[in-house]
Each structure stands twice: as C-alpha cells, then as structure tokens.
Amino acid sequence: MCGIYGQLRFDGQTVPRERLTAMGNAMIHRGPDDEGAFTDGPIGIGMRRLSIIDLNGGHQPFVAEAGKLALVANGEVYNFQALRRELEAAGHVFRSHSDCETILWGYLQWGLDTLLQKLNGMYAFALWDGRSEQLIVARDRIGIKPLYYHFDGKSFSFASEAKSLFPVGIRPELNKDALPAYLSLGYVPAPQTLFAGIQKLPVATVAIIKAGELRLKNYWSIGSSLATYSENEWQEKVRAELDRAIAMQMVADVPLGAFLSGGIDSSAVVAYMAKHASGPVKTYAIGFDGDAASRYYNELPYARKVAELFGTEHHEILVKPDVARLLPQLLWQLDEPMADSAFLTTYLVSEFARRDVTVILSGVGGDELFGGYRRYLGEHYAGRYQKLPAMARSGLRAIAKRLPSDRHNRWLDLARLARGFILSADMPFEDRYRSYVQVFAPDAISALLAKDAGGHKSHNSRDPVHEAFARANNPDHINRLLQVDAQTQLPDDLLLLTDKMSMAVSLECRVPLLDHELLELAASMPASIKVRGGELKSLLKKSLRGLLPDEILYRKKRGFGAPMGAWLRGQLLPLMQQVLSAETVAARGLFDPAAVQRVMQEHLSQQADHTDHLQALLNLELWCRLYLDGHSVEQVKEDLLKVAA
C-alpha cells in the first residue's frame, strides 16, 4: 500500500528528482515507511510505501529488462501467490516476495490485456515501457484505489492524491463545470474533479500515453446476464464466495483487524475472518456520545454482541468530536469536498484502529451488491404503485406533500421516506434514481447558481448519472442500479472517503465484499431474490442464517454517518452562520447569498432537513479556503475555533 506519482514529459527534458520528491512529500501519510523513484530521460515515477507484505524486500520501483521496464503500484494483488507460481513456472525470477511484483512479470509474460484480466485486487499502478516508450497507468475494476492525472499536451502527470500534482506546476483553480454535479450528488464523479485541469481516472480503465497522445481504454464491466439457480444454490454460492474473498484478503505481514458496526456486512466479514484466523480477530467499533440525535448513531451494543459471539479482541470508542478542529484537516486529506458525514466517522474509527493494526477489513459494498439501500426498496414497490388507479395515486401524492421531511425521529423518518417514495414513484426510471440520491434538486441548483463567479451559468457541465445510465444495460431495474452505483457513488464517494480517511492515518483498508468475482455473482442474481416481499438483502440474510443471529440480520439499518444535522443546530451553529454568512457567500461569488440563507433558515427552524445541503455548502467553502485561497490547515482551523468558541 502506498501513494504513487510521476510525470512523462513530451519535450524530451528530464523530470527533476526534486519534483518527484515534492510530489511524494505531499502525501507522505500514504507511505511513511519507504520511498523510491525511477527516472530515465523524460519519464519519472515514484512512490511512498506503507509496508504490508514483504516488509524488507518490497521496495519500489520494480525494474526489469536492463532498466527498460519500471513499475510503481499502490494497493494489493490478492491472488499474487497463484500468479507468482504461474510466472515462476514460465521462468521468471522474482527479487522479492511482494504481491505487486507480479504485475511487472505478468506484463512481460502475458501482455497488458491478459494481465489486467488476471489481476484480483485493489490497485492503481504506473508502468513505464521504455522499449516502446509508452507509459501505462491503470486503476482497479471497482475504483477502490484513486488515481488523478493532468494532461495538457506538453506532459502527463499522475498521482494517488490530487494535491501531489501541484508540484508539477498546476495551480489549484476551481472547475466551475463540475459544480452542478457536486451540488446534485454531494461529490464529483470521475472523470471530473473540482480542480480545473485535474481528472480522475475512471474505474476499470487503463491509460496509455505515447508520443504525446493519451488513450483511455475500459477493460472490464459488470455483466448483465441473470443466472437461474435455485434459492438454496444461490445461498451456497454466496457463502462460498464470501469465504473465498475474505480469506484471500487476510494475507498480510503486519497486524490486521476489522471494522465492526454490528450491521450485516461488517458482521459477516468478522464471522469469516474468525473462521480463518489463527487467533482472536481484532475488531473496532465507534459510537457518538451526547444528546439523543448523537446516540441515534451509536451501534456499540450490536457490535459488542457480534464480538462476543466470535470471541474477538474487541475495542470500542465513544466520541464527542471537536468537529471545528477536525474539518480543515479532513477536507485537506480528501482533496475534494463531499456532503457525506461518513468521512468523519471513518477517520475517527481509522485513527482508533491504527493504534494496534496496519490493515483493516471493512464491510463497504454489501448494500450495493445485495440490495441494501432504501432506493432499491423503492424500485421494488414502484411497480406496484404504478398499477394503482390514477385517482388513488393523485390522492397519495397530495398527502405526501404534507408529510414532514425531517429525520432522526422514528416517525418523522418514516414520514420522510414515505414522502420521498410517493413523490418519485411516477417519475421515469432515471429521474426516480436521481431523486433517491440527489442532494440539491435541479431547481435548487439553478437558484444557487443564478450568479456564478463569472456572472453567467455554466453550459459545459457533464451529467455523470445520465452517462452511467447510458452504459448500464441490465434489464433488471435493481441490478441496473448496481451498475450505476458502481460507476458513481461507490468509487467516488464511499470508496474515495474510505481510502482517503484510512490512509490519512497510514491504515490500509480492504473491502472484501467488493471482490470482483463476488460482485459479478451478485450482478447475476435476480432482484426478486435480493429484495423479496419488501425485505432488503433477503438472499444475503438467508445465506447468513446460522452464522449470524437474527438480532443482527433483521435489525433496523443505520448508515455509517455522524449526527451532522443536530450539530449544525447546536455546537456547529456559530461556525455555520459565519462560514455561510451572506457576506462570505457574496465574497466567494459562486452562489446567490439569499438562496443560501433560505436553506440555512429552513434547517434551523426545522421546516426541512437540509443537513446534506448545508454540509455540501459548508465543506465547499472550507475547501475553497484551503486550496483556492492557499490558507494552511492550521490557519483555517484557528479561524474556525475562534468562531466556535
């Protein structure tokens, strides 16, 4: 696990070593154990290493063919032992026991296309082939590992974090064309970023740079064919794939543990880890201390029950974080802002776990694979709703418009969900999905962007959701949502925050539920058994019966977030009012100050729950101060603490 970076110049000039050093220093947290670089005329590649496998011998870059081939790689190749045996049988001699060295020899033996099909893992790698004078940069199938790049016709630069591209001469500037996507989704999907001139390499994509030209190629996509097994056969296959994927991802030469929330996904990971571990599994859980809204997110009793069941070495922490102190540091680590409070929770539990372990396994991905989101339930019921007489649907819509939209109270939460479902049920499929995942609705975005920094609306904005739907081809609605999620929210929200927040404390986080073979199996599973009779994750729950207790399998789902809505009405209120004041918004010049004030006032008066909207706006302004204004983390932190006090 590490951070990689580099540059290929098209003018024939040498890449200065000090430039590579500066790129690596910008993300030293990703690799505090080691660093390395390779330069040869116009190419320079480097890495910062967090040692996980072959602690002493896995130094990168890996070089072969008398210096004509050089590789740097971030991540883990989980099937490296099988690949190594195959490559050694073909006559290749390894100089280390590193998993990533298999990429180099695999490229020599099989070529790029076959290599990419054989790899099972999470990775981003850069391989310089001096024989053909081409640079190859690739990202894993699911996008577990991030990769940013800048291409201007004069050079191609890449890095695991966007901030590492600034030493090559890129000035941090706002990409206004990405603002609508950020406001709509609460994050910016690939290939765009909020930085002008910097892009994210899409999932399952390889970039080939040669003779001053950049070519992007997709090498994998989720299948669209549905299989026809019996329910018992499906359960057996799911159990077998879970067992294989989790066991394979437990290989490490450093202490290893697991996040445990007490939900189905993390509990399943711990259960299979306990089966394969030689001793008690180390588990880590987090809860929030404070008022009722904070305690809503406290799942420690469920985590404790699972820990006791499997005899883990359990660690838990109850926190009441100083959010004003944390936000600047975490937004710097994220590179881009997002309206998902899970980044705060992920950081806190990662920091807690890092005291004991270097590798952690997480249950991220189970909701996407097995139908765990409420929007999947919405699709299940949408067909039934649309069969109702028009008059009945009209009456339900009229009632829904009067329902409250607040949350964190059981009945208000149910009302909010019912309101959202009914008002979206008559929409076309793609529009219905947008209503499930959107932060700001289109009309609200138009009101916010009435006057942008240039005094005009942007006409070049991409529509990543529409593009994802155009590529998704599964005839089954819920499985088609999986295809869309796997191109948008999963890599560019959940996996990005998981990577950035764990690597901020030099912790490698593995996500075995997103093993691509397990994902392919889930994508071939008919939605009728994923969500059955209004029950989310129906097949997964049945597969885990006997392994996990019903109290865990059938308890109410909670997200892995933080009580941000309550904090914005409480401890963070002075900070929010200052950061989003009419004067501050007007000075930034991106949004209509009156529109921002309306959002804030409606939230404070509890006319509506604008938690996500306010998070998006607050985090964006703080990000602007850090990156666009050039303020240090300590400076922004000091300013916020003065206001919060």
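Colleague: Which helix do both Glu241 and Arg244 lie in?
Modeller: This is a predicted model, in which local features need pLDDT of at least 70, side-chain atom pairs count only at pLDDT 80 or more, and totals for chains, interfaces and linings use all residues. Residues are numbered from 1 along each chain as its sequence is written, and side-chain values use heavy atoms, leaving out hydrogens and water. Helices (DSSP runs of H or I, at least four residues) and strands (DSSP runs of E, at least two residues) are numbered from the N terminus. Glu241 and Arg244 are 3 residues apart, about one turn of the helix, and both belong to residues 231-248, which form helix H6.

Colleague: How many Å, N to O, does the salt bridge of Glu241 and Arg244 have?
Modeller: A salt bridge here is a side-chain nitrogen of Lys or Arg within 4 Å of a carboxyl oxygen of Asp or Glu. That rule gives 38 salt bridges. In the one between the side chains of Glu241 and Arg244, the N to O value is 2.8 Å.

Colleague: On to the sheets! Which strands stand at the edges of the sheet, each with a single partner strand?
Modeller: Strands pair if DSSP finds at least two bridges between them. One open sheet has 6 strands in the order S2-S3-S1-S9-S8-S10, paired antiparallel. Each edge strand has a single partner, so one side of it is left without a neighbour in the sheet; these strands are S2 (34-40) and S10 (199-200).

Colleague: Which strands of the sheet does helix H1 touch?
Modeller: Strands S1 (residues 2-9) and S3 (residues 43-49) pair in the antiparallel sense over 7 bridges, and Gly3 stands opposite Arg48 in S3. Helix H1 (residues 17-25) packs on this sheet, its direction making about 145° with that of S1. Axes are lines fitted to C-alpha atoms, for helices over the stretch in contact (heavy atoms within 4.5 Å), and angles run from 0 to 180 degrees between N-to-C directions. The strands that H1 touches are S1, S2, S3 and S9 (155-159).

Colleague: Which residue of S10 stands opposite Tyr148?
Modeller: Strand S8 (residues 148-151) runs antiparallel to S9, joined by 4 bridges, with Tyr148 opposite Ala159 in S9. S8 also runs antiparallel to S10, joined by 2 bridges. In S10, the residue opposite Tyr148 is Lys200.

Colleague: Which residue takes a positive phi in the hairpin of S8 and S9?
Modeller: This hairpin has 3 residues between the strands. The phi in question is near 85°, and the residue is Gly153.

Colleague: There is another open sheet, starting with S4 in its order. What does the twist average from one strand to the next?
Modeller: Its 6 strands come in the order S4-S5-S6-S7-S11-S12, with antiparallel pairing. Strands S4 (62-64) and S12 (213-218) are the edge strands, each pairing on one side only. From one strand to the next, the twist averages 15°.

Colleague: What angle does the direction of H3 make with that of S5?
Modeller: S4 and S5 (residues 69-77) run antiparallel, joined by 3 bridges, and the bridge partner of Phe62 in S5 is Leu71. Helix H3 (residues 101-110) packs on the sheet and touches S4, S5, S6 (121-129) and S7 (134-139). Its direction and that of S5 make about 125°.

Colleague: Now the helices. H10 is roughly parallel or antiparallel to H30?
Modeller: H10 (residues 323-334) and H30 (residues 633-644) have axes 8 Å apart and pack at about 155°. Angles under 35 degrees count as roughly parallel, over 145 as roughly antiparallel, 65 to 115 as roughly perpendicular and the rest as oblique. H10 is therefore, relative to H30, roughly antiparallel.

Colleague: Which residues of H29 make the contact with H10?
Modeller: The axes of H10 and H29 (residues 611-628) come within 10 Å and cross at roughly 75°. The two helices are therefore roughly perpendicular to each other. H10 brings Leu327, Pro328, Leu331 and Trp332, and from H29 come Leu618, Asn619, Leu622, Trp623, Leu626 and Tyr627.

Colleague: And which residues of H20 does H10 meet?
Modeller: H10 and H20 (residues 489-503) pack at about 115°, axes 9 Å apart, which makes them roughly perpendicular. From H10, Leu330, Gln333 and Leu334 take part, meeting in H20 Leu496, Leu497, Lys500 and Met501.
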